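Trainee: Please take one part of this model and go through it closely, beginning with the predictor's confidence. I would like to see how that part fits with what surrounds it.

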Amino acid sequence: MNTPETSARISGFGTTVLSLAIISMSSAAGADSAKNPVPTNPVWQEECGGCHIPYPPRFLPAGSWRLLMGSLEDHFGTDASIDTETAASIETFLVQNAKRKKADGKTDSTAGNAPLRITGTRWFVHEHDEISAAKWKSPAIRSAANCGACHREAEKGSFRERDIKVP
Amino acid sequence: MSTFAPYQQYGVQDMKQTVSIGGLTALLLAASLAQAADPLDAIRVAAQSDKSFSGFSVARGETLFRTKGTDWSCSSCHTTDPRKPGRHAVTGKTIQPMAPVINPKRLSDPAKVEKWFKRNCMDVFDRECTAREKGDVITWLRSLTR
């Protein structure tokens with residue numbers, strides 16, 4: 001099975017995936033496209049993924065992430081504090097890959113554009129307008145913060161339509 | 001790492017540079033060493049600073065785990081049976097079982113233990129837990145069998 005030829009092919013594929021990931025992490029358009037690999041970071045995954053899925057940086061603009069990372073001791077009513085070094089490294093990752101302006105792909109630094117809740121943003125509300133209030137409250141979902149209830153690949157940062165299965 | 005062995009050929013300055021370049025390796029090593037320590041050791045030392053301390057208690061740990069603070073108890077998210085998976089009271093995310101008998105990774109990393117006790121005691125009791133309380137809860141969780 002694992003002939004030298006297949007190994008070479010596999011490792012070649014790995015290199016391609018890695019290169020794509022690096023490109024995606026540094027390119028503005030990449031992060032917003034479902035076709036491109038999603039930027040990930042092990043510290044962000046571990047720390048932000050403790051109480052909820054690690055929400056992708058592209059869901060909020062840079063200003064939002066700065067505010068959130070600066071107020072972890074009162075994170076939507078719970079204490080999510082971490083040491084300052086870890087917080088700083090996560091903030092860098094979030095800000096670098098944050099939501100960008102559609103028009104020019106630049107970081108959105110519009111004054112005051114720093115919503116704290118992903119679920120309160122216009123795009124989130126629009127994307128979920130077919131979900132009834134009762135459905136949101138159902139035991140399997142319970143909270144709009146529980147992305148993984150319907151987005152089966154959310155844990156990996158993927159929210160593709162084909163991975164959605166509303167319970 | 002053994003490739004760094006012939007230190008004799010480096011000057012002191014060179015060695016410093018080698019050390020700083022190997023910073024990440026050193027961090028990783030430190031992290032793995034930290035994981036090897038039992039989180040309860042440091043907690044016991046802290047608890048012993050209170051002269052009335054006479055050991056951790058399984059019964060006190062269980063009681064504290066189920067004691068309701070302002071809004072929640074530990075059980076609100078971890079359930080009353082820590083051998084079962086819990087669920088985050090706000091986000092709905094599944095929380096893996098706390099009992100090491102079911103989930104051996106639990107209570108093995110001192111930094112993680114301190115981080116979560118700090119957060120969760122603030123959420124439940126609006127204060128940090130004492131060393132004795134933390135030791136009691138760990139001792140109870142570790143006493144659970146299948």
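Mentor: This is a predicted model, and confidence varies along chain A. Among the elements of chain A, helix α1(A), residues 4-26, has the lowest mean pLDDT, 43, while α4(A) has the highest, 97. Over residues 1-33 of chain A the pLDDT is below 50, and this stretch has 19 contacts in the model beyond near neighbours in sequence. For chain A as a whole the mean pLDDT is 81, with 72% of the residues at 70 or more. The part to look at closely is therefore α4(A), the element of chain A with the highest mean pLDDT.

First, the setting. Chain A has six helices and zero strands, so its elements, read from the N terminus, are all written α: α-α-α-α-α-α. Of the 167 residues in chain A, 35% are buried. Take the contacts in chain A between residues at least 6 apart in sequence: 54% of them join residues at least 24 apart.

Now the helix and its core. Where does the largest share of the largest nonpolar core come from? Begin with the core itself, which has 24 residues; W65(A), I90(A) and L94(A) touch the most other members. Three helices of chain A each supply at least two residues of this core: α2(A) (42-48), α3(A) (62-69) and α4(A) (84-96). The largest share, five residues, comes from α4(A). Apart from this core lies another, of 23 residues, including I43(B), M98(B), F117(B) and W140(B).

I90(A) is a good residue to select in the viewer. Leaving out residues up to four places away in sequence, I90(A) touches V43(A), W44(A), E47(A), C48(A), M69(A) and I82(A). Compare that list with the residue ranges of the helices: V43(A), W44(A), E47(A) and C48(A) fall within α2(A), and M69(A) falls within α3(A).

Next, step back along the chain to the loop between α3(A) and α4(A), where S81(A) is placed. Is S81(A) buried or exposed? S81(A) counts as buried because its relative accessibility is 9%, and the cut-off for buried is under 20%. Not counting residues up to four places away in sequence, S81(A) touches L72(A) and E73(A) in its own chain, and K115(B), K118(B) and R119(B) in chain B. With K118(B) there is also a polar contact of 3.0 Å between the two side chains. R119(B), another residue that S81(A) touches, lies over the face of W116(B), at 4.5 Å from the ring centre.

Those contacts lead into chain B. Its mean pLDDT is 85, and 75% of its residues score at least 70. Over residues 1-19 of chain B the pLDDT is below 50, and beyond near neighbours in sequence this stretch has four contacts in the model. For the complex, the predictor gives an ipTM of 0.72 and a pTM of 0.74. Chain B has seven helices and two strands, in the pattern α-α-α-α-α-β-β-α-α. Of the 146 residues of chain B, 35% count as buried.

S49(B) can be set beside S81(A). S49(B) sits in the loop between α3(B) (39-47) and α4(B) (58-66). S49(B) counts as exposed because its relative accessibility is 63%. Its side chain reaches the backbone oxygen of A46(B) at 2.7 Å. In sequence, S49(B) and A131(B) are 82 residues apart, but their C-alpha atoms are 9.5 Å apart in space.

Last, go back to chain A for the aromatic residues. Over all chains the structure holds seven aromatic pairs. One of them joins F124(A) and W136(A), which are stacked, with 6.2 Å centre to centre and 25° between the planes. F124(A) lies in α5(A) (residues 122-127) and W136(A) in α6(A) (residues 133-137), so the pair ties together parts that are 12 residues apart in sequence. F124(A) counts as buried because its relative accessibility is 9%, whereas W136(A), at 22%, is partly exposed. Both belong to one aromatic cluster, together with F59(A), W123(A) and F159(A).

Key:
Residues numbered from 1 in each chain as written. Chains lettered and ligands numbered in written order. Predicted model: local features only at pLDDT ≥ 70, side-chain atom pairs only at ≥ 80, totals over all residues. Heavy atoms only, no water. Core = buried A, V, L, I, M, F, W, Y, C linked by side-chain atoms within 4.5 Å. Buried < 20%, exposed > 50% of the residue type's maximum accessible area, 1.4 Å probe, protein only. Helix = DSSP H or I, 4+ residues; strand = E, 2+ residues; numbered from the N terminus. Contact = heavy atoms within 4.5 Å. pLDDT = per-residue confidence, 0-100. Polar contact = N/O pair within 3.5 Å; in protein donor to acceptor, adjacent residues only side chain to side chain. Phe/Tyr/Trp six-rings, centres within 6.5 Å; stacked < 30°, edge-to-face > 60°. Lys NZ or Arg CZ within 6 Å of the ring centre and 35° of its normal.
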